[in-house]
Amino acid sequence: MGTSQPRAKARKAPRESAFAERFAVFAECLLTGVWIAVASLPVVTYPAAFAAGARHLRRRTTHEAGGWREFTADFRTAVRGGWIAGAVGWAAAAAVWVDVQAVRAGIPGGPLVGAVGLFALIGLAVAGLRAAAVWEPGASWRVLLADAGRRTVLDPAGSFLLVGGLAVVACSAWLVAPLAVPVLGAVAAAAVAVEERHRLR
């Protein structure tokens, strides 16, 4: 009889409500956005920052332990090859900026070149997010980006969802710049969800 009471109490232990759990995940996304923003300050480290943030959120959704220390360890590992991807991304952005200047200058064919460049940059950003969402220690960024590029084309629904997330970040930065920082975590969470949806198809 004495041993049955602790078991009964254990069975009656209150579980976290679905609302509380979802709110906790949302709050974790906002905190992760701050971590991603801080880790992205060296400019070329944003792919590694998103990769570490996405891996942290994957741990959170599977109820694994992990916090700032694990995020930092993942970031240090991801940045070894991720900074090259970051530099390529900034080079692509600079090329699109030149295209936009050509459009403003009225150069013949400028609008077409500018539109193509802008769509290519958006596609590259989406592929980068998808690659970061599935990053694991030891993975090659070149392979990750190549595979993510194919998924970006073959899974347009998921890609459009990430474009919407990037648009939210841009609007947040335009209206109230500090809001863009926590929203980065929501974008990382969206990338994780998109990749999980694609995996289960």
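For sorting pocket linings, Ala, Val, Leu, Ile, Met, Phe, Trp, Tyr, Cys and Pro count as nonpolar, Asp, Glu, Lys and Arg as charged, and the others, Gly among them, as polar. This is a predicted model, where local features need pLDDT of at least 70, side-chain atom pairs count only at pLDDT 80 or more, and totals for chains, interfaces and linings use all residues. Residues are numbered from 1 along each chain as its sequence is written, and side-chain values use heavy atoms, leaving out hydrogens and water.

**Exercise 1. Work out which part of the model deserves caution.**

Step 1: Start with pLDDT, the predictor's confidence in each residue, from 0 to 100. The protein averages 87, and 90% of its residues score at least 70.

Step 2: Go helix by helix (helices are DSSP runs of H or I, at least four residues; strands are runs of E, at least two; both are numbered from the N terminus). Confidence bottoms out in helix 1 (residues 4–11), at a mean of 45, and peaks in helix 6 (residues 141–154), at 96.

Step 3: Look at residues 1–14. Their pLDDT stays under 50, and the model gives them zero contacts (heavy atoms within 4.5 Å) beyond four places in sequence. Where pLDDT is low, the predicted coordinates should not be read in detail.

**Exercise 2. Describe the surroundings of Phe71.**

Step 1: Find Phe71 in helix 4 (residues 68–105), one of eight helices in a protein with zero strands.

Step 2: Check its cover, with buried meaning under 20% relative accessible area, exposed over 50% and partly exposed in between (1.4 Å probe, protein chains only). Phe71 is buried, since its relative accessible area is 1%. Across the 201 residues of the protein, 34% count as buried.

Step 3: List the partners. Beyond its neighbours within four places in sequence, Phe71 touches Trp35, Ile36, Ala39, Ala49, Ala52, Gly53 and Arg59.

**Exercise 3. Compare the linings of the two pockets.**

Step 1: Get the terms straight. On a 1 Å grid over the protein atoms alone, a pocket is an open set of points where a 1.4 Å probe fits, with protein on both sides within 12 Å along at least five of seven lines; lining residues have an atom within 4 Å of a point. Grid points are joined across faces, edges and corners, and a volume is the space filled by probe spheres set on the points.

Step 2: Take the largest pocket, at about 990 Å³. It has 30 lining residues, with Tyr46, Phe50, Trp90, Ala125 and Leu166 nearest its centre. Helix 5 (110–133) gives the largest share, eight residues. The lining splits into 26 nonpolar, four polar and no charged.

Step 3: Now the second largest pocket, at about 190 Å³. Among its lining residues are Arg58, Thr61, Glu195, Glu196, His198 and Arg199. Helix 8 supplies the largest share here, six residues. This lining holds four nonpolar, two polar and four charged residues.

**Exercise 4. Place the two positive-phi residues, Val43 and His63.**

Step 1: Val43 isn't a glycine, yet its phi is positive, about 75 degrees. It sits in the loop between helix 2 (18–39) and helix 3, and at 42% relative accessible area Val43 is partly exposed.

Step 2: His63 has a phi near 60 degrees, again positive in a residue other than glycine. Its loop runs between helix 3 and helix 4, and His63 counts as exposed because its relative accessibility is 59%.
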